[in-house]
Amino acid sequence: MTTAIYSHPDCLRHEMGEWHPECPARLQAIADQLINAHIDGLLDHREAPLADLAAIARNHTPNAIAIAQSQPHEGDDYYPIDGDTSLNRHSYTAALRAAGAAVAATDAVIDGAIDNAFCAVRPPGHHARPSVPMGFCLFNNVAVAARHALDARGLRRVAIIDFDVHHGNGTEEAFRDDPRVLMASFFQHPLYPYTEPLPITPNRINVPVPAGTRGDVVRQLVQEQWLPALHAFKPEMIFISAGFDAHREDDLAGMGLVEADYAWMTEQIMDIARRHARGRIVSCLEGGYNLSALGRSVVAHVKALAEI
């Protein structure tokens, strides 16, 4: 397997204050753990390009793009978008790198240059609605990449798997009425963004779970709900919103997953991809705020992607 890691130093320059959990140290913790696990040298490291605005515009309105382009007022360090999300002078460039990584990885996987990819980028994306950024997120990186695969590269069906602890409301909104996209997720409920779960349909397998849910319950719902739907849908490519904040050590939520659960879920997704999608997977970092748990979980995820 050839697994690529897409990232860029610009993603470290976006920050929202020393207190903020979505911080540059997240990417540094991932890089350190990949080295500590002795797998860094086995991966194809690639630089994330800037996303083309045409790619962003497939999923986001001019209003959303204009908000992401906002700059702090003179004398201020940050421009607040909402109570959780602010911009500094480097945020827009970082957001273009994050979305650009997802699009570039999509092209490389479709073209057969690599087997799959993990995008170690920030800001994350799955809360970004088509019309407005929110929840630490500026552009919805996975949604932008999925639309690129469908509308620019001609794929007919793609799946989006979201194992972040928070509901991927922006992704759900983007593809709620699109039969070309199957979205499957679990999320702690109630929890930010406090959206009410929509009914499960053949193209929307988004399963709310209570606080305290551990890996055995998640594995059962994956086997009983995600996998049958994915096999029936037969996606031609799979995108992963890879959040690691359902880990038992993460204080921003209250679930009980461990590294082995992330490895197991990735292995199930790999099997679906081999059967239906020529192995094509692009994974993008979402949440995960305990730095040690984040780094260890990403190692488990990437080792499964790379089959090492």
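# Exercises on a predicted model

**Exercise 1. Work out whether strand β10 is enclosed or open, and where its side chains point.**

Five of the five residues of β10 are buried, so this strand is largely enclosed by the rest of the structure. The model is a predicted one, and the steps below should be read with that in mind. Looking at the directions of the side chains, one finds Ile281, Ser283 and Leu285 on one side of β10, with Val282 and Cys284 pointing the other way, and all of them are buried. In a regular strand the side chains alternate between the two faces of the sheet. The next step is to identify the strands beside β10. With β5 it pairs in the parallel sense over four bridges, and here Asn116 stands opposite Ile281. With β9 it pairs, again in the parallel sense, over five bridges, and here Phe239 stands opposite Val282.

**Exercise 2. Establish the order of the strands in the open sheet, and name its edge strands.**

The sheet is open and consists of eight strands in the order β2-β1-β5-β10-β9-β6-β7-β8, with parallel pairing. Its edges are formed by β2 (44-47) and β8 (204-209), each of which pairs on one side only. Direction ignored, neighbouring strands of this sheet are turned by 15 degrees against each other on average.

To follow the order from the β2 edge, begin with β1 and β2, which pair in the parallel sense over four bridges, Ile5 standing opposite His45 in β2. Four bridges also join β1 to β5, and these two strands run parallel; in β5 the bridge partner of Ile5 is Phe118. Strand β1 is mostly covered, since four of its five residues are buried. At the other edge, strand β7 (residues 181-188) pairs with β8 in the parallel sense over six bridges, and the bridge partner of Ala184 in β8 is Ile205.

**Exercise 3. Determine which strands are touched by helices α6 and α8, and at what angles these helices run.**

Take helix α6 (residues 141-152) to begin with: it lies across β6 (158-162), β7, β9 (237-242) and β10 (281-285), and runs at about 170 degrees to β9. Helix α8 (residues 215-233) packs on the sheet as well, touching β6, β7 and β8, and its direction makes about 170 degrees with that of β7.

**Exercise 4. Check whether the length of helix α10 agrees with its number of residues, then describe its surroundings and its ends.**

Helix α10 (residues 291-306) has 16 residues, which at 1.5 Å a residue should span 22 Å, and because its end C-alpha atoms are 22 Å apart, the two values agree. The expected span is taken as 1.5 Å times one less than the number of residues.

Turning to burial, twelve of the 16 residues of α10 are buried, so the helix is largely enclosed by the rest of the structure; among them are Leu294, Val298, His301 and Leu305. The buried residues pack against β1 (3-7), α2, β5 (116-119), β9, α9 (259-276) and β10.

At the start of the helix, a side-chain oxygen of Asn290 comes to within 3.3 Å of the backbone nitrogen of Ser292. Just after α10, Glu307 takes a positive phi of about 55 degrees.

**Exercise 5. Decide whether Arg122 is buried or exposed, and find the partners of its side chain.**

Arg122 is placed in the loop between β5 and α6. Its relative accessibility is 0%, and because buried means under 20%, Arg122 counts as buried. The side chain of Arg122 reaches the backbone oxygen of His14 at 2.6 Å, and a polar contact of 2.7 Å joins it to the side chain of Glu22. Leaving aside neighbours within four places in sequence, the residues in contact with Arg122 include Cys11, Glu15, Cys23, Pro24 and Leu27.

**Exercise 6. Classify the exposure of Gln28 and compare its separation from Leu291 in sequence and in space.**

Gln28 is found in helix α2 (residues 25-36). With a relative accessible area of 43%, Gln28 is partly exposed, because that class lies between the 20% and 50% limits. Gln28 and Leu291 are 263 residues apart in sequence, while their C-alpha atoms are 8.9 Å apart in space.

**Exercise 7. State what the record lists for residues 20-305, and describe that span in the model.**

In an unreviewed entry, UniProt lists residues 20-305 as "domain: Histone deacetylase". In the model this span is 40% helix and 15% strand, and its end C-alpha atoms lie 30 Å apart.

How values were computed:
Residues numbered from 1 in each chain as written. Predicted model: local features only at pLDDT ≥ 70, side-chain atom pairs only at ≥ 80, totals over all residues. Heavy atoms only, no water. Buried < 20%, exposed > 50% of the residue type's maximum accessible area, 1.4 Å probe, protein only. UniProt positions renumbered as here; feature names shortened; annotations may be inferred. Pairing = 2+ DSSP bridges. Axes fitted to C-alpha atoms, helices over the stretch in contact; angles between N-to-C directions. Contact = heavy atoms within 4.5 Å. Polar contact = N/O pair within 3.5 Å; in protein donor to acceptor, adjacent residues only side chain to side chain.
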